[in-house]
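Visitor: Before we go into particulars, could you show me the model, so that I can put my questions to you one at a time?
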Amino acid sequence: MLLSFRVIYNKLYLYLILLILGCALCHTFVKPENIKWPYINGPRLEFYFSCLCLVIFSLCLFVKFRPINKIKINLIDILLSLSLVYIIVVRYFSHLYVLTDKVFLIFCLTILYLFLTRYISTINRQTRKLFYFGFAILILLSVFSSLCLGIFQKIGLLESNGFYFKITGQFDNPAKYSLYLSSCFPFILTILLFFPKKWLFAQLIPVSLTIVIISVFIVALTCCRSSWLGLIVSTIFLIFVRFNLKITFLTTGILLPIICLLVFFSLKFKQDSAFGRLTIWKVSYNMIKRQPVLGIGYGDFENQYNKYQASYFSESNQDKREVLLADTVRFAFNDFLQIFCEQGFVGLFLFTSLIIVSLRVKKIYQISDKTSQLLLIGSVSGLISIIFSGLFSYSFSSLSGQCMFYIYLSLISSVVLIYQPLIVFPIRYHFLLLAFFLFDISLIIFLYGQLSKQFFAYKKWAEPVLYIDTWQELQQLYPILNQDHEFIEEYTSLLIKDRRYKEAMAVLKESEPLFIKPILYINLGKCYYANRQLMEAEKCFMTSVNMIPNRFESRLNLAQFFFDSGEFIKCEAISNRIIIEKPKIPSYAIIAIKERATMLKALCENRLHRWH
C-alpha cells in the first residue's frame, strides 16, 4: 500500500511539474489585452507566474519517504550562483537600482534552473524517462503551434504582430521568432536522429520530422542570418555525435570554408544591416573602455548605449551612411560583447567559464542510461545553437532565448549531478527541510508581491485614455513603474503639458539613467528652458539630436529652442538642414515637420532682415 501510494505521488508530481514547465515554455503566446505593452509585459508576467507556481509546489519535493541526507553540487551550480551574486553586488555598490525587471528575471530563471536540476537529479530512471518524454511533447507542441502561426501569416490567413514584417509568429519581430525556432530545433532533431525505435519515443519521430522540415523553411523565410548560423552549427554537431565522427584536418578543411562562405554571403545579403552592426560594435567598444572591469551594470546596455552613441556622433565627422542607419539600439547584436559592456571582464569570464563547463561533458556521452545520454545531447546541441546565434544577434537578451538557455543548462547540470558531482557533503535532513521551508515561504511572498504589483500597475496604466488623461492618475503608479522608460515618457509629457515643469524635471533627473529615447532629453530640455536654464536646455536638445541624428523631430525641437531663445542664425541653419535632407522613411509626419521647419526658416529670415 505504501509503495503504491509512493508511485502515484511521484507520477502526480511529475505531471504537475510538466504542466508548470509547459506554462513557462508557452509564455511567448501570452498577450493579455488588458495590460500595457502586452507583447512585452504579457510573456514576462506569465513567466513570473510559472516560477511562482514552481516555488509553491517545490515544497512537495521534500515530502519523500527516503530523507535526503546529502547535497550534490557541480561547477555549473557554482558559476551560475556566482554570476547572480556578482550582478547584484556590482549594482548595489555602483549605487544603481538593484531590483530592476532584468535582475528580477535572472533571479527567477536561476530559481527555475535550481529547481529543475534538483528534481531531475533525484528521480529514478523510469521517472526520468517519463519526464524526458513529457518534455519532448511540450517542445513539439510549442514549436508546432508557433510554426502554424508563421505559416498562416505567410499565406495571409493571419496578420503578423509586426507592422513592417509579414512573418513574426507569436512575436512582434521575425528575429525573435527565428531565434526561438533555432533554439528548439536541435532538441527536436535529437529525437529524430537518436531515439531507438523500440522506445515509446518512436511515436514522436514522424511528428519530429515534419516539424524539422517546416522549421528549416520558416527560419529561411525570416531572413535572420544569425539563426541560420546557430541552426547549421548545431546540426553539424549532432551529425558528428550521431555517427561518432572526429574533428580531423579533413573535416576541418571541409567545414571551415563552408562556414566562412555562409558568413560572407550573410554579410552580402543585408549589407546595410551588417554595416549598422559594425557601428553598434564601435560604440560598444567605447562603453567597454569606460568600465572594462566591472561594466556599466547588468541590464543597463539599452539605457546607456544611446548616450554613448550621442557622444560618438558628436565627436566624429558623422559618416552619412552611419547617420542614416542609426536608430534606438537595445542590444549589442553580439551577446558576448553585450555581457562585456554590462558586466565587464569579470562577468564575461564567469559567463564564458559557464559555457565551457557546460559544453565539456563529452566524457559522459557514453553513459549506460540512454535517457540521460539523450537528454544531455539534446541540451548541449540546443545550447550550441543559442551561443552561435548570439554571435550576431541577441539570444541571451530575449526572454524566450534566456528561458531555453536556462532550461538546457538545468538538463545538462542534472545529468552531471547524477554522474559527475563536484562536491558531495552530508547534511541533516530535518535542518535542511526547515531551512528550505523558511526560504521557500519567503520566496513565495516576495515573488507574489512583485508579480501582483506589476500586473495591477500595468493593468491600471492600460485603462482607456478617458480615465488616464491627467498626471495625477499616473502619479499613483510612479513608485511601481519608475524603472519603465515608456511610463516616464508619458508621465513627464503630461506634467509638461500641464506646465508642471519643476515636478517633471525632478522625475526626469531621477530617471536620467533610463533615457534611451531622444524624447526624454527633449522633455528635460523643455523643463530647463521653462526655468531659463538655457545652457542645460541646449545641451539636452543637442544630445537628443546626436542620439539618433536621422530623426527630424529632435532637430525641429532644437530649431524651435533656438528660435524661442532668440538665436535666429542657428535656428535658420538647422531648419534649412531639415528642409534639404531626405528622410530615412517618408511619412506624413515628416512632411509636417518640414512644413514647420520652412515656417521657422521664414520667420528667422524676417527677424534677421529687420536687424540688418
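Visitor: How many helices and how many strands does the chain have?
Guide: The model shown here is a predicted one, and its secondary structure is assigned on that basis. Counted along the chain, there are two strands, and the number of helices is 25.

Visitor: What share of the residues in the chain is buried?
Guide: A residue counts as buried when its relative accessible area is under 20%. Applied to the 612 residues of the chain, that cut-off gives a buried share of 50%.

Visitor: Of the contacts in the chain with a separation of 6 or more, what percentage joins residues 24 or more positions apart?
Guide: The tally leaves out pairs with a separation below 6. Among the contacts that remain, residues 24 or more positions apart account for 73%.

Visitor: How much of the accessible surface belongs to carbon and sulfur atoms?
Guide: The accessible surface of the chain comes to about 29700 Å². Of that area, the part belonging to carbon and sulfur atoms is 66%.

Visitor: Which residues make the nonpolar surface patch of about 480 Å²?
Guide: One member of the patch, Leu 438, lies in helix 16, which covers residues 429-461. The full set that makes this patch of about 480 Å² is Leu 434, Phe 437, Leu 438, Ile 441 and Ile 445.

Visitor: With which residue does Asp 300 form a salt bridge, and how far apart in sequence are the parts that the pair ties together?
Guide: The search of the whole structure finds 10 salt bridges, and in one of them Asp 300 is paired with Arg 91, with 3.3 Å between the closest N and O atoms. Both Asp 300 and Arg 91 are buried. Because Asp 300 lies in the loop between helix 10 (271-290) and helix 11 (301-315), while Arg 91 lies in helix 3 (residues 75-93), the pair ties together parts whose distance in sequence is 209 residues.

Visitor: Are Lys 176 and Asp 172, which form a salt bridge, buried or partly exposed?
Guide: In this salt bridge the closest N and O atoms of Lys 176 and Asp 172 are 3.6 Å apart. Lys 176 has a relative accessibility of 23%, and Asp 172 has one of 29%. Since the buried class ends at 20% and the exposed class begins over 50%, Lys 176 is partly exposed, and Asp 172 is likewise partly exposed.

Visitor: Which residues are joined into one network by salt bridges that share partners?
Guide: Arg 330 and Glu 302 form a salt bridge with their closest N and O atoms 2.9 Å apart; Arg 330 lies in the loop between helix 12 (320-325) and helix 13 (335-359) and Glu 302 in helix 11, so this pair ties together parts 28 residues apart in sequence. Arg 330 is partly exposed at 28% relative accessible area, whereas Glu 302 is buried at 12%. Through shared partners, the salt bridges give one network made of Lys 102, Glu 302 and Arg 330.

Visitor: What is the nearest side chain of opposite charge to Lys 594, and how far away is it?
Guide: Lys 594 is found in helix 25 (residues 588-611), and although buried it has no salt bridge. Beyond its neighbours within four places in sequence, Lys 594 is in contact with residues including Phe 552, Ile 578 and Pro 583. A salt bridge would need a nitrogen and a carboxyl oxygen within 4 Å, whereas the nearest side chain of opposite charge is 7.2 Å away and belongs to Glu 581.

Visitor: What is the phi of Arg 532, which follows helix 21?
Guide: Helix 21 (residues 518-530) reaches 18 Å from its first C-alpha to its last, close to the expected 18 Å, and Arg 532 is found in the loop between helix 21 and helix 22 (534-547). Most residues other than glycine have a negative phi. Arg 532, a residue other than glycine, has a positive phi, near 60 degrees.

Visitor: Where does Phe 333 lie?
Guide: Phe 333 has a positive phi, near 55 degrees, and is buried, with a relative accessible area of 18%. Its place is the loop between helix 12 and helix 13.

Technical notes. Residues numbered from 1 in each chain as written. Predicted model: local features only at pLDDT ≥ 70, side-chain atom pairs only at ≥ 80, totals over all residues. Heavy atoms only, no water. Helix = DSSP H or I, 4+ residues; strand = E, 2+ residues; numbered from the N terminus. Buried < 20%, exposed > 50% of the residue type's maximum accessible area, 1.4 Å probe, protein only. Contact = heavy atoms within 4.5 Å. Areas by Shrake-Rupley, 256 points an atom, 1.4 Å probe, with all protein chains shown as cover. Patch = residues over 30% accessible without salt bridge, like charges linked within 9 Å, V, L, I, M, F, W, Y side chains within 5 Å. Expected span 1.5 Å × (residues − 1). Lys, Arg positive; Asp, Glu negative; His and termini not counted.
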